[in-house]
Amino acid sequence: MSNIIRTCIGCRTKLAQNTLYRFICKDKNIFSYKGEGRSFYICKSCVLDEKNISKSAKRLCKNNKDYVDDIKKILKQKGA
Ligand SMILES: [Zn+2]
């Protein structure tokens, strides 16, 4: 399971899935992935780069909302 490789949406680096944060975009909102929908991944260095994740999230959700606060909230809940 640990050798599944996924691409970070921020920097396009390919990393093991278990080292990435996984999110979904549903109805133009970002949530922590819970087993349904199309997910995307952000690596641990990109979550620290607000400009980068904001741009990537907007592109993925096809919405111009600033998702930085949402992502930060999710990360806090995860204990990151
Ligand atoms: Zn990254």
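**Exercise 1. The β3–β4 pairing**

Task: In this predicted model, work out in which sense β3 and β4 pair, and over how many bridges.

Solution.
- Step 1. Locate the strands. β4 covers residues 29–32, and β3 covers residues 21–26.
- Step 2. Find the sense. β3 and β4 pair in the antiparallel sense, over 4 bridges.
- Step 3. Pick out one bridge. K26 has N29 in β4 as its bridge partner.
- Step 4. Look at the connection. β3 and β4 form a hairpin, with 2 residues between the strands. D27 lies in the turn and has a positive phi of about 50°.

**Exercise 2. From pairs to a sheet**

Task: Find the strand that β3 pairs with through 4 bridges besides β4, then give the order of the sheet.

Solution.
- Step 1. Turn to β5, residues 39–42. The strands β3 and β5 run antiparallel and are joined by 4 bridges.
- Step 2. Check the register. I24 stands opposite S39 in β5. Y21 has I42 as its bridge partner in β5.
- Step 3. Assemble. The order is β4-β3-β5, an open sheet of 3 strands with antiparallel pairing.
- Step 4. Name the edges. β4 and β5 are the edge strands, since each pairs on one side only.
- Step 5. Add the twist. On average, neighbouring strands of this sheet are turned by 40° against each other, direction ignored.

**Exercise 3. The nonpolar core**

Task: Identify which residues touch the most other members of the largest nonpolar core.

Solution.
- Step 1. Take the core as a whole. The largest nonpolar core has 17 residues.
- Step 2. Rank the members. C8, Y41 and I42 touch the most other members.
- Step 3. Assign the elements. β3, β5 and α1 (50–61) are the elements that give two or more residues to this core.
- Step 4. Follow Y41 outward. Leaving aside residues up to four places away in sequence, Y41 touches R6, T7, C8, I9, L20, Y21 and R22.

**Exercise 4. The two sides of helix α1**

Task: Test the length of α1 against its expected span, then decide which residues are buried and which exposed residues sit on the face turned away.

Solution.
- Step 1. Compute the span. At 1.5 Å a residue, the 12 residues of α1 should span 16 Å. The end C-alpha atoms are 16 Å apart, which agrees.
- Step 2. List the buried residues. In α1 these are I53, S56, A57 and C61.
- Step 3. Place them around the axis. The arc they cover is only 120°, so they are on the same side of α1.
- Step 4. Recall the rule. An α-helix has 3.6 residues a turn, so residues three or four places apart point the same way.
- Step 5. Turn to the other face. K51 and R59 are exposed, on the face of α1 turned away from its buried side.
- Step 6. Find the cover. What covers the buried residues of α1 includes β3, β4, β5 and α2 (68–78).
- Step 7. Place α2. This helix lies across β3 and β4, and runs at about 10° to β4.

**Exercise 5. Classifying K55**

Task: Is K55 in helix α1 exposed, partly exposed or buried?

Solution.
- Step 1. Count. K55 has 14 C-beta neighbours inside 10 Å.
- Step 2. Apply the cut-offs. Buried needs 20 or more, exposed 12 or fewer. K55 therefore counts as partly exposed.
- Step 3. Measure a distance in the model. K55 and K65 are 10 residues apart in sequence, and their C-alpha atoms are 9.7 Å apart in space.

**Exercise 6. Positive phi without glycine**

Task: Where does R12 lie, and where does K62?

Solution.
- Step 1. Take R12. R12 is in the loop between β1 (5–7) and β2 (14–16). Its phi is positive, about 70°, although R12 is not a glycine.
- Step 2. Classify R12. With 10 C-beta neighbours inside 10 Å, R12 counts as exposed.
- Step 3. Take K62. K62 is in the loop between α1 and α2, just after α1. K62 is not a glycine either, yet has a positive phi of about 50°.
- Step 4. Classify K62. With 8 other C-beta atoms within 10 Å, K62 is exposed.

Technical notes
Residues numbered from 1 in each chain as written. Predicted model: local features only at pLDDT ≥ 70, side-chain atom pairs only at ≥ 80, totals over all residues. Pairing = 2+ DSSP bridges. Core = buried A, V, L, I, M, F, W, Y, C linked by C-beta atoms within 7 Å. Contact = placed C-beta atoms within 7 Å. Expected span 1.5 Å × (residues − 1). Arc of directions from axis to C-beta. Axes fitted to C-alpha atoms, helices over the stretch in contact; angles between N-to-C directions.
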